[in-house]
Amino acid sequence: MLEKLSQDALVIWATIDPIGTMALFAALTSHLTDQQRRKTAFKTVLYAGCVLLGSILIGQLILNAMGIRLVSFQLGGGIILFLFGLQMIFGNDSNKAKQDPDHDIAVFPLAIPPATATPGAILAVILLTDNHIHPITTQIGTALVTLGVLGITLILLLLSGKIIKLIGTGGASILTRVMGMILAAFSVELIMTALEIKQWVKLD
């Protein structure tokens with residue numbers, strides 16, 4: 001069981017990607033005060049935790065009941081991720097906060113896809129706690145591993161203020177666009193994997 005949980009930790013770490021989430025968080029919260037940034041960090045991890053734990057508990061049942069295959073979920077997440085990446089690349093930073101003052105970035109895009117609770121993370125926790133394969137004790141262990149990774153993510157988000165102070169407004173703008181390009185590229189990988197066409201692409 002310990003070996004399985006160690007493997008789960010690596011998979012969940014890779015799919016949540018706390019370091020990448022921290023970079024995205026730093027880019028999107030550069031206009032906020034330190035207090036607002038801390039509040040957003042806690043809300044982000046709380047919402048993401050609810051989504052991932054909810055996926056462990058009932059995600060598989062809901063998808064099966066609705067006849068939705070995991071590959072379809074992955075494809076939909078990839079499309080959403082691509083659109084958001086484009087928005088980050090071509091968005092206007094000066095108007096970002098004014099366009100939708102009621103929008104809570106802790107919900108989207110920081111908590112639910114494309115960030116902390118990524119499509120890959122949701123798929124991972126559902127597969128790693130498959131009711132037909134793993135006993136309840138193993139599923140509880142995987143849930144605790146997920147909470148541990150989210151705890152590390154929260155610490156990194158709280159430290160992101162130092163990054164913002166270091167790079168300044170201009171650096172944050174560059175970081176936003178770089179992260180947008182990375183998210184767009186990653187979304188293409190998700191879509192290609194879902195459609196099983198990665199093997200068609202040959203690298204020279």
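## Overall organisation

Of the contacts in the protein with a separation of 6 or more, 87% are between residues 24 or more positions apart. The model is predicted. It contains 8 helices and 0 strands, and from the N terminus on the elements run α-α-α-α-α-α-α-α.

The protein has 204 residues, of which 42% are buried. Its exposed surface comes to about 11300 Å², with carbon and sulfur atoms supplying 69% of that area.

## Packing of α1 against α6

Helices α1 and α6 pack with their axes 8 Å apart, at an angle of about 160°. Because angles over 145 degrees count as roughly antiparallel, α1 and α6 are placed in that class. The crossing of α1 past α6 is left-handed.

On the α1 side, the residues that meet α6 are Lys4, Asp8, Val11, Ile12, Thr15 and Ile16. Their counterparts in α6 are Gly120, Ala121, Ala124, Val125 and Leu128. Lys4 and Asp8 in this set also form a salt bridge with each other.

## Salt bridge within α1

The salt bridge count for the model is 3. In the pair formed by aspartate 8 and lysine 4, the closest N and O atoms are 2.7 Å apart. Both residues belong to helix α1, which spans residues 2–16. They are 4 residues apart, about one turn of the helix.

Aspartate 8 has a relative accessibility of 2% and lysine 4 has a relative accessible area of 17%. Buried means under 20% relative accessible area, so aspartate 8 is counted as buried, and so is lysine 4.

## Threonine 138 and the start of the chain

Threonine 138 is in helix α7, which covers residues 136–158. With a relative accessible area of 9%, threonine 138 is buried.

Apart from its neighbours within four places in sequence, threonine 138 contacts Met1, Lys4 and Leu5. Lys4 therefore appears in three settings: it is in contact with threonine 138, it meets α6 as part of the α1 set, and it is buried while forming a salt bridge with aspartate 8.

## Salt bridges involving α3

Helix α3, residues 34–66, holds both aspartate 34 and arginine 37. Their side chains meet in a salt bridge, at 2.8 Å from N to O. The two residues are separated by about one helical turn, being 3 residues apart. Aspartate 34 is partly exposed at 35% relative accessibility, whereas arginine 37 is buried with a relative accessible area of 7%.

Lysine 43 and aspartate 104 also join their side chains in a salt bridge, at 2.8 Å from N to O. This pair links distant parts of the chain, with the two positions 61 residues apart in numbering. Lysine 43 lies in helix α3, and aspartate 104 in the loop between α5 (93–99) and α6 (119–128). Lysine 43 is partly exposed, with a relative accessible area of 23%. Aspartate 104, at 24% relative accessibility, is also counted as partly exposed.

Methods. Residues are numbered from 1 along each chain as its sequence is written. This is a predicted model: local features need pLDDT of at least 70, side-chain atom pairs count only at pLDDT 80 or more; totals for chains, interfaces and linings use all residues. Side-chain values use heavy atoms; hydrogens and water are left out. A salt bridge is a side-chain nitrogen of Lys or Arg within 4 Å of a carboxyl oxygen of Asp or Glu. Buried means under 20% relative accessible area, exposed over 50%, partly exposed in between (1.4 Å probe, protein chains only). Contact means heavy atoms within 4.5 Å. Accessible areas come from the Shrake-Rupley method with a 1.4 Å probe; for residues, only the protein chains shown count as cover. Axes are lines fitted to C-alpha atoms, for helices over the stretch in contact, and angles run from 0 to 180 degrees between N-to-C directions. Angles under 35 degrees count as roughly parallel, over 145 as roughly antiparallel, 65 to 115 as roughly perpendicular and the rest as oblique. A crossing is left-handed if the near helix is turned anticlockwise from the far one by less than a right angle, and right-handed if clockwise.
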